[in-house]
Amino acid sequence: MGTGNKSRLEYWQLHESPAFMEDQDKSKPARKSNVELAAAIAAEGRVNPTPGQVAGAKRFVGATSIGRWCQNFLLIMGWLAAYADKNPGTYYKVEQRSDKRFRRLFFMPGIMKYIVPKLALNTVAIDGAHMKHCLFQFVLLLMVVQDGNLAGLPVAMAFVHVENCENYIWFLNHCKEALGEWLLKQSIVIVSDRDKGLKKA
């Protein structure tokens, strides 16, 4: 990360740094310079940001409280439960880390459980898309099928921090759980970009 070309995962880790979070406490009279804060973050041993990257992270955070937007992820469970209550058959899973912070989410609207076996052709596309929000830099994993008009129909999605084998296995297992026997048919053709994580999964 010290090269100035930060990956999305590393940028998220920068925002998770205890030193960075402590420095955002505006009640403290003495706050570190960008050089001092970059050194403190590097000393934690996870990432090695430049002072310029630290400055950029501060700008993105701005007046937003890190604690507040991290805690807002805890509201996801309530939103999903309310949606599932109004849409029977909805399948979702949310995982948190040991410190109660958001880890990953899987979601499939209930209607898909009924229309996919009836309308979808036997072609399934799976891919990941990198989100470009300055703070919420997740990877969106998607499963898309084709309907009778050869149009793409998004079926299931997941938000994860990185596109890798572990997250693809987690995503595919929940796809199988949500769609059941239809996805296990031998005639299903899976289309992908041969991502290394997906190939291993």
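**A salt-bridge network around Arg104**

Glu166 is partly exposed, its relative accessible area being 42%. In this predicted model, the side chain of Glu166 meets that of Arg104 in a salt bridge, with an N to O distance of 3.8 Å. Because Arg104 belongs to strand E2 (residues 102-108) whereas Glu166 belongs to helix H8 (residues 165-179), the pair ties together parts of the chain that are 62 residues apart in sequence. The distance of 3.8 Å is accepted as a salt bridge because the criterion requires a side-chain nitrogen of Lys or Arg within 4 Å of a carboxyl oxygen of Asp or Glu.

Arg104 also forms a salt bridge with Glu95, for which the closest N and O atoms are 2.9 Å apart. With a relative accessible area of 6%, Arg104 is classed as buried, since that class covers values under 20%. Glu95, by contrast, counts as partly exposed, at a relative accessibility of 24%.

A further salt bridge links Glu95 to Arg103, the closest N and O atoms of this pair lying 3.2 Å apart. Arg103 is partly exposed, and its relative accessible area is 30%.

Taken with the pairing of Arg104 and Glu166 at 3.8 Å, these contacts form one network, in which salt bridges with shared partners join Glu95, Arg103, Arg104 and Glu166. In the structure as a whole, the number of salt bridges is four.

Definitions and conventions. Residues are numbered from 1 along each chain as its sequence is written. This is a predicted model: local features need pLDDT of at least 70, side-chain atom pairs count only at pLDDT 80 or more; totals for chains, interfaces and linings use all residues. Side-chain values use heavy atoms; hydrogens and water are left out. Buried means under 20% relative accessible area, exposed over 50%, partly exposed in between (1.4 Å probe, protein chains only). Helices (H or I, at least four residues) and strands (E, at least two) are DSSP runs, numbered from the N terminus.
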